[in-house]
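Take a look at the chain below. The report that follows walks through its sheet, its helices and its enclosed spaces.

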Amino acid sequence: MAPVRVRRLTEQEGQKLQRIVRRGSTSSVRFRRAMMLLASSGGSPVPAIAQLVQADEDTVRDVIHRFNEMGLACLDPRWAGGRPRLLSIEDENFVVETATTRPTALGKPFTRWSIRKLADYLQRNIARTVRIGREALRCLLIRRGISFQRTKTWKESPDPDFDTKLDRIEFALTERPDRTFALDEFGPLGIRPTAGSCWAPKGSPERLPATYRRTHGITYFHGCYSVGDDQLWGVVRRRKGIDHTWAALRSIRAARPDGAPIYVILDSLSARLNWRIRRWAARNKVVLCFTPTYASWANPIEAHFGPLRQFTLANSNHPNHTVQTRALHAYLRWRNQNARHPDVLAAQRRERARIRSEKHIRWGGRTLQLAA
């Protein structure tokens with residue numbers, strides 16, 4: 001039976017999920033569900049995802065199935081209850097269609113609706129009159145997933161090898177997970193108080209000072225994720241460059257010293273497209289799996305950068321880069337020691353069973369070793 005996994009993400013879906021996980025500024029339900037989908041897209045099995053987000057495995061499967069059926073609409077919770085519907089389904093559909101149509105297309109001299117203007121138009125519409133109050137109209141639009149939003153631009157990947165690169169990444173994640181690594185960085189990281197969230201008495205949130213003069217410069221966190229071992233490690237550098245990328249690739253190659261091919265998923269940063277790195281990779285059997293242009297969401301490390309940011313950078317006020325770097329490394333050590341990937345858990349269970357099988361007792365001043 002094939003494992004449960006999300007379908008291939010589109011560019012817009014991947015970018016939106018990556019944005020939710022990176023910023024962490026949305027609701028906790030959307031944030032956790034976005035992490036589930038990104039982790040599943042990165043090749044993580046359901047048990048590992050359930051441990052990552054601290055949820056039940058059936059919940060993870062339900063979210064994945066709902067995404068495969070209805071797309072990003074599965075991120076929003078479905079609340080129940082309330083008074084019976086007073087408008088028919090056809091009337092509600094007409095209201096939603098009108099609200100999502102530009103007023104200029106309906107002969108009105110403005111570029112967007114307000115609640116008052118929309119309710120007035122619906123009540124005065126000769127073709128189909130819908131009498132609804134402003135508050136009921138606002139609740140109806142929210143219930144149907146229509147909210148007042150800023151207009152945003154979007155872009156599609158111009159990469160001619162978009163599908164080919166995704167196929168190569170999917171092969172590495174599904175067929176060679178124990179020999180696949182993901183490499184990426186995030187930043188710049190400045191020294192400034194960063195807003196976040198924490199537990200506090202109601203009405204008395206923890207406050208951080210504001211700073212306006214920052215003289216510490218910036219750094220970048222270069223991270224690497226081992227897909228098969230569920231291990232995340234990284235270093236902090238002052239800049240990006242070919243030398244740092246090369247050093248990271250050498251450390252990844254050293255993690256599998258058997259000489260067999262390894263797969264490294266990374267984006268198409270110019271420092272990684274250098275001919276010297278490509279020649280070194282070919283000589284050392286390192287297969288570079290580049291993500292398509294504008295599709296860094298296809299890198300499985302993105303699902304693990306979200307918690308790293310939330311638990312070390314958000315709600316922090318580090319005095320300098322040294323303290324900030326120590327906090328990042330302390331979290332990485334804790335995370336790797338508490339890894340809950342199925343393969344890691346199985347290895348830990350085998351180690352505990354081996355220890356339990358070797359019982360030591362004291363008898364007459366001597367230590368005896370008995371098999372279990």
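A residue counts as buried when its relative accessible area is under 20%. By that cut-off, buried residues make up 38% of the 372 residues in the chain. The model is predicted.

**Overall make-up**

The chain holds 13 helices and seven strands. Take the contacts between residues at least 6 apart in sequence: 66% of them join residues at least 24 apart.

**The sheet**

Five strands form an open sheet. Their order is β3-β2-β1-β4-β5, and the pairing is mixed. β3 (231-237) and β5 (286-290) are the edge strands, each pairing on one side only. From one strand to the next, the twist averages 25 degrees.

Helix α8 (residues 162-175) packs on this sheet. It touches β1, β4 (262-266) and β5. The direction of α8 makes about 130 degrees with that of β5. Helix α11 (residues 302-312) lies across β1, β2 and β3. Its run is at about 40 degrees to β1.

**Strand β2 and its partners**

β2 pairs with β1 and also with β3. Strand β1 (residues 180-189) and strand β2 (residues 219-226) run antiparallel, joined by seven bridges. β2 and β3 are also antiparallel, over seven bridges. The table lists some of the facing residues.

| Residue | Opposite residue | Strand of the opposite residue |
|---|---|---|
| Ala182 | Tyr225 | β2 |
| Glu185 | His222 | β2 |
| Tyr225 | Leu232 | β3 |
| Cys224 | Trp233 | β3 |

Tyr225 thus appears twice: Ala182 stands opposite Tyr225, and Tyr225 stands opposite Leu232 in β3.

β2 and β3 form a hairpin with four residues between the strands. Within this hairpin, Asp230 takes a positive phi near 55 degrees.

How many of the eight residues of β2 are buried? Eight of eight are, and the strand is mostly covered. Both faces are covered. On one side, Thr219, Phe221, Gly223 and Tyr225 are buried. On the other side, the buried residues are Tyr220, His222, Cys224 and Ser226.

**The cavity**

A search of the whole structure finds one cavity of 30 Å³ or more. The volume of this largest cavity is about 30 Å³. Which residues line the largest cavity? They are Leu183, Asp184, Glu185, His222, His244, Thr245, Ala248 and Arg272. Glu185 and His222, which are bridge partners, are both in this lining. Two elements, β1 and α9 (242-255), give two or more residues to the lining. By class, the lining divides into two nonpolar, three polar and three charged residues.

**The second largest pocket**

The second largest pocket has a volume of about 970 Å³. Its lining comprises 34 residues. Phe31, Met35, Leu52, Pro307 and Phe311 lie nearest its centre. The elements giving two or more residues to this lining are α2 (28-41), α3 (46-53), α11 and α12 (321-337). Helix α11 therefore has two roles in this account, lining the pocket and lying across β1, β2 and β3, by the element runs used here. The lining has 16 nonpolar, 14 polar and four charged residues.

**Ser41 in helix α2**

Helix α2, one of the elements in the pocket lining, also contains Ser41. Is Ser41 buried or exposed? Its relative accessible area is 16%, so Ser41 is buried. The cut-off for buried is under 20%. Which residues does Ser41 contact, leaving aside neighbours within four places in sequence? The contacts are with Arg5, Val6, Leu9 and Leu173.

**In brief**

The sheet is open and mixed, with five strands in the order β3-β2-β1-β4-β5. Inside it, β2 has both faces covered. Helix α8 packs on the sheet, while helix α11 lies across β1, β2 and β3. The cavity has a volume of about 30 Å³, and the second largest pocket has one of about 970 Å³.

Terms used
Residues are numbered from 1 along each chain as its sequence is written. This is a predicted model: local features need pLDDT of at least 70, side-chain atom pairs count only at pLDDT 80 or more; totals for chains, interfaces and linings use all residues. Side-chain values use heavy atoms; hydrogens and water are left out. Two strands pair if DSSP finds at least two bridges between them. Axes are lines fitted to C-alpha atoms, for helices over the stretch in contact, and angles run from 0 to 180 degrees between N-to-C directions. Contact means heavy atoms within 4.5 Å. On a 1 Å grid over the protein atoms alone, a cavity is a set of points where a 1.4 Å probe fits but cannot get out, and a pocket is an open set with protein on both sides within 12 Å along at least five of seven lines; lining residues have an atom within 4 Å of a point. Grid points are joined across faces, edges and corners, and a volume is the space filled by probe spheres set on the points. Ala, Val, Leu, Ile, Met, Phe, Trp, Tyr, Cys and Pro count as nonpolar, Asp, Glu, Lys and Arg as charged, and the others, Gly among them, as polar. Buried means under 20% relative accessible area, exposed over 50%, partly exposed in between (1.4 Å probe, protein chains only).
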